[in-house]
Amino acid sequence: MILTDPIADMLTRIRNALGAKHDSVIIPASNEKMHIAKILMEEGYINSFERVEDGSKKNILISLKYDEHGESVIQGLKRISKPGLRIYAQKDKLPKVISGLGIAIISTNKGIVTDRVARNLGVGGEVLAYVW
């Protein structure tokens with residue numbers, strides 16, 4: 001199965017798993033998705049992630065995070081830059097998600113980072129997604 005937008009597929013799988021109150025979700029693996037999962041874990045939106053192999057298939061197992069009331073820590077996921085319309089931001093015009101309460105995931109020449117890290121590095125790039 002060929003996906004035209006694997007990042008949107010990843011975000012949709014996470015969104016659907018959260019809506020169904022699953023403990024974890026399995027996503028087809030790629031280096032780009034591994035970097036995004038690492039950012040989500042470092043920012044406290046997921047518990048953990050690991051790369052698992054099932055025969056020739058490589059997947060990412062993401063352990064989802066809920067608060068003490070059973071509500072998801074992730075309130076929203078939105079894909080910004082799409083294959084049909086790429087969205088770029090210069091270093092001085094990087095977006096702030098909900099006045100800094102959420103994160104924007106940016107693909108820069110220094111790797112995939114959050115908007116805060118990109119500001120510190122002084123680089124712009126492609127705005128992949130918003131998470132809040």
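What follows is a conversation between a visitor and a guide about a predicted model.

Visitor: How do you know that α2 has the length expected of a helix of its residue count?

Guide: The expected span is 1.5 Å times one less than the number of residues; for the twelve residues of α2, 31–42, this gives 16 Å, and because the end C-alpha atoms are 16 Å apart, the two values agree. For α1, which has 14 residues, the first and last C-alpha atoms are 20 Å apart, close to the 20 Å expected.

Visitor: What follows α2, and what comes just after α1, in terms of phi?

Guide: Gly44 follows α2 with a positive phi near 85 degrees, and Lys21, just after α1, takes a positive phi of about 60 degrees.

Visitor: Which residues of the two helices are buried?

Guide: In α1 they are Ile7, Asp9, Met10, Leu11, Ile14, Ala17 and Leu18, and these buried residues pack against β1, α2, β3, β4 and β8. In α2 the buried residues are Lys33, Met34, Ile36, Ala37, Ile39 and Leu40.

Visitor: Why are β1 and β3 called paired strands?

Guide: Pairing requires at least two bridges between the strands, and β1 (residues 24–28) and β3 (residues 57–64) have five, in the antiparallel sense, so the pair meets the criterion. Pro28 has Asn59 of β3 as its bridge partner. By the same rule of at least two bridges, β2 and β3 are paired, since eight bridges join them, again antiparallel; here Glu50 is partnered by Leu61 of β3.

Visitor: What makes β1 and β2 the edge strands?

Guide: The three strands form an open antiparallel sheet in the order β1-β3-β2, and β1 and β2 each pair on one side only. Direction ignored, neighbouring strands of this sheet are turned by 25 degrees against each other on average.

Visitor: Which helices pack on the sheet, and which strands do they touch?

Guide: α1 touches β1 and β3, and its direction makes about 165 degrees with that of β1. α2 touches β1, β2 and β3, and its direction makes about 155 degrees with that of β2. As for the faces of β1, Val25 and Ile27 lie on the covered one, while Ser24, Ile26 and Pro28 lie on the uncovered one.

Visitor: Which residues touch the most other members of the largest nonpolar core?

Guide: Of its 26 residues, these are Ile14, Ile36, Ile62, Leu64, Ile74, Ile105 and Val131. The elements that give two or more residues to this core are α1, β1, α2, β3, β6 and β8, and the largest share, six residues, comes from α1. Leaving aside neighbours within four places in sequence, Leu64 is in contact with Ile14, Ala17, Leu18, His22, Asp23, Ser24, Val25, Ile46 and Asn47. A second, separate core has ten residues, among them Ala89, Leu94, Ala104 and Val127.

Visitor: Why is the contact of Lys38 with Glu42 called a salt bridge?

Guide: The cut-off is 4 Å between a side-chain nitrogen of Lys or Arg and a carboxyl oxygen of Asp or Glu; the closest N and O atoms of Lys38 and Glu42 are 3.9 Å apart, so the pair falls within the cut-off. Because they are four residues apart in α2, about one helical turn separates Lys38 and Glu42. The count by this rule comes to six salt bridges.

Visitor: Why is Glu42 called exposed, and Lys38 partly exposed?

Guide: Exposed means over 50% relative accessible area, and partly exposed lies between 20% and that value; Glu42, at 55%, is therefore exposed, whereas Lys38, at 42%, counts as partly exposed.

Visitor: What makes the salt bridge of Glu43 and Arg116 a tie between separate parts of the sequence?

Guide: The two side chains meet at 2.9 Å, N to O. Glu43 lies in the loop between α2 and β2 and Arg116 in helix α3, so the pair ties together parts that are 73 residues apart in sequence.

Visitor: How do you know that Asp115 and Ser81 are buried?

Guide: Buried means under 20%; Asp115, at 5% relative accessibility, therefore counts as buried, and Ser81, at 0%, is buried as well. Asp115 forms a salt bridge with Arg119 (3.4 Å, N to O), and both lie in helix α3, four residues apart. Ser81 lies in the loop between β4 and β5 and, not counting residues up to four places away in sequence, touches Arg86, Ile87, Glu126, Val127 and Leu128.

Note on methods: Residues are numbered from 1 along each chain as its sequence is written. This is a predicted model: local features need pLDDT of at least 70, side-chain atom pairs count only at pLDDT 80 or more; totals for chains, interfaces and linings use all residues. Side-chain values use heavy atoms; hydrogens and water are left out. Buried means under 20% relative accessible area, exposed over 50%, partly exposed in between (1.4 Å probe, protein chains only). A nonpolar core is a set of buried Ala, Val, Leu, Ile, Met, Phe, Trp, Tyr and Cys residues joined through side-chain atoms within 4.5 Å. Contact means heavy atoms within 4.5 Å. Axes are lines fitted to C-alpha atoms, for helices over the stretch in contact, and angles run from 0 to 180 degrees between N-to-C directions.
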